[in-house]
Amino acid sequence: MENLLIKNVSVVPMTHADAVIQNGYIYIEKGVINALGSAPNHTLVEKADRVIDGEHLVAMPGLINGHTHTPMSVLRGYAGDLPLQQWLQEIWKIEAKMSSEDIYWAAMLSMVEMLKSGTTTFGDMYYGMDKVAEGVQASGMRALLTQGIIEQDGHGEDVLAECVDFVKRWHGKAEGRIQAILSPHAPYTCSPQLIEKLVEAAHDLDCSIHTHLNETRGKIDTIIERYGKRPIVLMDEIGLFSRHVIAAHGVHVSEEELEILARSQAGIIHNPKSNMKLGSGIAPIADMLERGIVVGLGTDGSASNNVLDMFEEMRFASFLQKVHLEDPTALSAYETLKLGTALGAQALGIESEIGTLEVGKKADLTLVNVDRTHALPLNDILSHLIYSAKADDVDYTIVNGRVLYEKGHVVTLDEEKIKWHVLESKNKLFGS
Ligand SMILES: [Zn+2]
């Protein structure tokens, strides 16, 4: 593993709002941030195996896509403009035909897309996840992987047993870049009895739980009709929050449910574009943050977004709160970047490892080129990163101190081969 020095770079560590270091440096040794500051001393320059000149670059913590379904990239553009349940039915028809090879190449396409747009870590839920884990190993990215359980024909417990095996097989693999966790897809696709068993298994494995909660009013009504209470209240009663929970959406939440989320310190992953495209509603993110609820950001799958671009996701998150609350001060640039980095890491339960640029943390970084017409003049770096920056401005994506993406080229993956395989899958699944 090479020692890497990035010099002459503007550093946005995300430790606090005014912590930007102009013309600074970051020195990385054994995949960890070893030093950072205003000017590197000669010893560091000599120790470096590689030096990146950071002129015109901003170094920020790698972006964290807290909730996605990477193999859904092969479904991009399919079944658009439909309500959630109808959309799911259409998607499930195609998913039933997907082979493990289809899953692999589609997940790889998503990883290429994420690396090219500055994402270093993602939280992924799908089935056939061994293939995604193999992809994470190859790509060099960091990921929290989980097989989402959809209980069918009384087969929940067999599937849970398979998911437990998946966790045992993959947790801590790929130099510790993979965390494998458990996942009931949602309260409307799993019985409370099965979720209770899953929570027990999560205690045994000492792992987090990733699920979908309160995405649309329709899904909440289904739970109220079945069980006489709201989803988050039901999940609290059956002990879900006795583990660290990563919950996608949280769009419509009652006062009681907000209190549960604050008390349990569950991580809510806000997916603004998916919520907008599926007409789900507006999650009360600004309110949640004020209550001390931990909020991260995600893109959701490519079939409901339709891109895995966290710069776009951050911009939508901020604008959505501002327009919803009719308050331009809502979700400031700094707060929004925090959702995509430091707070996102906390929502996934990995803030001790990543999320900020600090000595001792894993070297997961995104270097953004600000020598662009839409970046000039650079009056305020934070404002630029949220309101102006584009995915294409990313020049380098670094995970565990390893450069995975550099100026148009994904170092670890064969992009053309991946594109070819995804088109093959598409022709097979949909007909050419
Ligand atoms: Zn989802």
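**Helix packing, cores and domain arrangement**

Helices α5 and α6 cross in a right-handed sense (the near helix is turned clockwise from the far one, by less than a right angle; anticlockwise would be left-handed). The structure is a predicted model, in which local features need pLDDT of at least 70 and side-chain atom pairs count only at pLDDT 80 or more, whereas totals for chains, interfaces and linings use all residues. Residues are numbered from 1 along each chain as its sequence is written, and side-chain values use heavy atoms, with hydrogens and water left out.

The axes of α5 (residues 156-170) and α6 (residues 192-205) come within 11 Å and cross at roughly 20° (lines fitted to C-alpha atoms over the stretch in contact, with angles from 0 to 180 degrees between N-to-C directions). The two helices are therefore roughly parallel (under 35 degrees; over 145 is roughly antiparallel, 65 to 115 roughly perpendicular and the rest oblique). Helices (H or I, at least four residues) and strands (E, at least two) are DSSP runs numbered from the N terminus. On the α5 side, Gly 156, Glu 157, Leu 160, Val 164, Val 167 and Lys 168 meet Leu 194, Lys 197, Leu 198, Ala 201 and Leu 205 of α6.

A second helix pair, α3 and α16 (residues 415-430), packs at an angle of about 135° with axes 9 Å apart. At this angle α3 is oblique to α16. The crossing of α3 and α16 is left-handed. Residues of α3 in the contact (heavy atoms within 4.5 Å) include Trp 105, Met 108, Leu 109 and Val 112, while those of α16 include Ile 418, His 421, Val 422 and Leu 429.

The chain is divided into domain 1 (4-62 + 357-410) and domain 2 (63-347), with bounds from an automatic or database domain assignment. Their centres, taken over C-alpha atoms, are separated by 28 Å. At the interface, 32 residues of domain 1 are in contact with 33 residues of domain 2.

The largest nonpolar core contains 122 residues, and Met 111, Leu 145 and Phe 241 have the most contacts inside it. A nonpolar core is a set of buried Ala, Val, Leu, Ile, Met, Phe, Trp, Tyr and Cys residues joined through side-chain atoms within 4.5 Å; buried means under 20% relative accessible area, exposed over 50% and partly exposed in between (1.4 Å probe, protein chains only). Helix α3 (residues 100-116) gives the most to this core, with 11 residues. Both domains give residues to the core, so it lies between them. A second, separate core of 18 residues includes Val 9, Ile 26, Ala 59 and Ile 398.

Beyond four places in sequence, the contacts of Leu 145 include Met 129, Val 132, Ala 133 and Val 136. These four residues are among those buried in helix α4 (residues 129-139). Elements covering the buried residues of α4 include α3, β7 (119-126), β8 (142-147) and α5. Gly 140 follows α4 and has a positive phi, near 90°.

Two strand residues were also examined. Ser 10 is found in β1 (residues 4-11) and, at 14% relative accessibility, counts as buried. Its contacts beyond four places in sequence are Ile 21, Gln 22, Asn 23, Leu 57, Val 58, Ala 59 and Ile 381. Val 32, in β3 (residues 32-37), is partly exposed, with a relative accessible area of 25%. The C-alpha atoms of Val 32 and Val 359 are separated by 7.6 Å, although the residues are 327 apart along the chain. Outside its sequence neighbours within four places, Val 32 contacts Tyr 27, Gly 360, Lys 361, Lys 362 and Ala 363.
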